[in-house]
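Work through the three exercises below with the structure open. Try each task before you read its solution.

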Amino acid sequence: MRDRVVTVAAPGRVELVEQEAAALRPGTFRVETLYSGVSAGTELSYVKGTNPYLNVTWNADLGLFQPGEASTPYPVTRLGYMQVGRVVESATQAVPVGAVGAMTYGHRTGWLADPVAERFVPLPDNLDPLLGVYVAHMGPICANGLLHAAADLHGADVRSLGDGVRGRRVAVVGAGVVGLLTALLARRHGAASVVVLDPTPRRREVAEALGLETLDPDADDPAVVLKTRWAHTAGDRGADVVFQCRGQAWALQLALRTLRPQATVIDLAFYQGGADAVRLGEEFHHNGLALRCAQIGRVPRGLAPTWDRERLSAETIDLLGAYGDVIRKHLVSAVVPFDEAPTLLTDLAERRRQELQVVLAV
């Protein structure tokens, strides 16, 4: 038995290679891939050669990138974290044959998994398995953003994912997959207002089809619009919290300008080129703002015992249960045969093709 695997041999060179499938061992199980979602941020950074892991050493003990050998050199053989598979063999009672679940094993047609070392999130029978691509990792990324907003207000005493948005005015910068799922989570958990800011007309159309309000940063200044609309007290106007979901300097600058004084930007973006144009001497300084990175590698300090990845996946399943039909219709822009992955990824990296969410179907 052989598996087909998507690898990146070098910048701009994506290949489909065959590997001998590992033999079933006691305590393991094998899945055949049904769907594999493409992350246009992290994955394309390996195709374009802009991911820092490709060029320097990540010192996990110090939490620093340092000169030295690349932590993830080419070829990159594990690309992607949005998989849905069906169990076809099992040597463990923990995961039965026939179960369909979400995992994070990369773009490949099959995988031998150890349930002690890897997550397998069973999908409800009434959930479209294609939407399961969001359950293991992408949805938790967005839920973790809300969790950081809650921790910003309540510290370790967070009871609900809505504790940071309920009854509050929320802006979301960026209408990509992360931004749209985050906006839907904020609405789902009781935000008084949710406004999505993005300059791309097609992305604003998708946001509006999902029932979200949008503003075009290239038309009227959204910071002026929202600060005019969202008044608190004299000299205190703007968003209670902004989720920054686009990895470009102008987006972070806009997020800071949109906040009310002493509020916080929750940043979910990956700035592959840095953020040199962010002007920290302006609104950031004069309004006493805060910036929190909500990277999925950790939940807020003190919340790990109660808000693990399983709970964030459960919140994602709840979101998909509420909005699955419109997410499937409007957010998933293309379903592509698995064998077309090399062409697809290079076209996306070179901007010859524009997609919101592509799913590879095996």
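Helices here are DSSP runs of H or I with at least four residues, numbered from the N terminus. The model is predicted. Just after helix α4, glycine 211 has a positive phi of about 90°.

**Exercise 1.** Find which residues of α4 are buried, and say where they sit around the axis.

Solution.
- Step 1. Take the cut-off: buried means under 20% relative accessible area.
- Step 2. Look along α4, residues 201–209. Arg204, Val206 and Ala207 are buried.
- Step 3. Check the arc. These residues span only 155° around the axis, so they lie on the same side of α4.
- Step 4. Find the neighbours. The buried residues pack against α3 (177–188), β12 (213–215) and α8.

**Exercise 2.** Describe how α2 and α8 pack, and name the contact residues.

Solution.
- Step 1. Two packed helices are described by the angle between their axes and the distance between the axes.
- Step 2. For α2 (138–154) and α8 (309–331), the angle is about 100° and the axes are 8 Å apart.
- Step 3. Angles of 65 to 115 degrees count as roughly perpendicular. Therefore α2 and α8 are roughly perpendicular to each other.
- Step 4. α2 contributes Gly139, Pro140, Ala143, Asn144 and Leu147, while α8 contributes Arg309, Leu312, Ser313 and Thr316.
- Step 5. Sort this contact by class: 4 nonpolar, 4 polar and 1 charged residues.

**Exercise 3.** Sort the residues of β18 by face, then find the bridge partner of valine 335.

Solution.
- Step 1. In β18 (334–337), Ala334 and Val336 form the covered face. Val335 and Pro337 form the uncovered one.
- Step 2. β18 runs parallel to β19 (358–361), and 4 bridges join the two strands.
- Step 3. Valine 335 has valine 359 of β19 as its bridge partner.

Definitions and conventions. Residues are numbered from 1 along each chain as its sequence is written. This is a predicted model: local features need pLDDT of at least 70, side-chain atom pairs count only at pLDDT 80 or more; totals for chains, interfaces and linings use all residues. Side-chain values use heavy atoms; hydrogens and water are left out. Axes are lines fitted to C-alpha atoms, for helices over the stretch in contact, and angles run from 0 to 180 degrees between N-to-C directions. Angles under 35 degrees count as roughly parallel, over 145 as roughly antiparallel, 65 to 115 as roughly perpendicular and the rest as oblique. Contact means heavy atoms within 4.5 Å. Ala, Val, Leu, Ile, Met, Phe, Trp, Tyr, Cys and Pro count as nonpolar, Asp, Glu, Lys and Arg as charged, and the others, Gly among them, as polar. Buried means under 20% relative accessible area, exposed over 50%, partly exposed in between (1.4 Å probe, protein chains only). The arc is that of the directions from the helix axis to the C-beta atoms. Two strands pair if DSSP finds at least two bridges between them.
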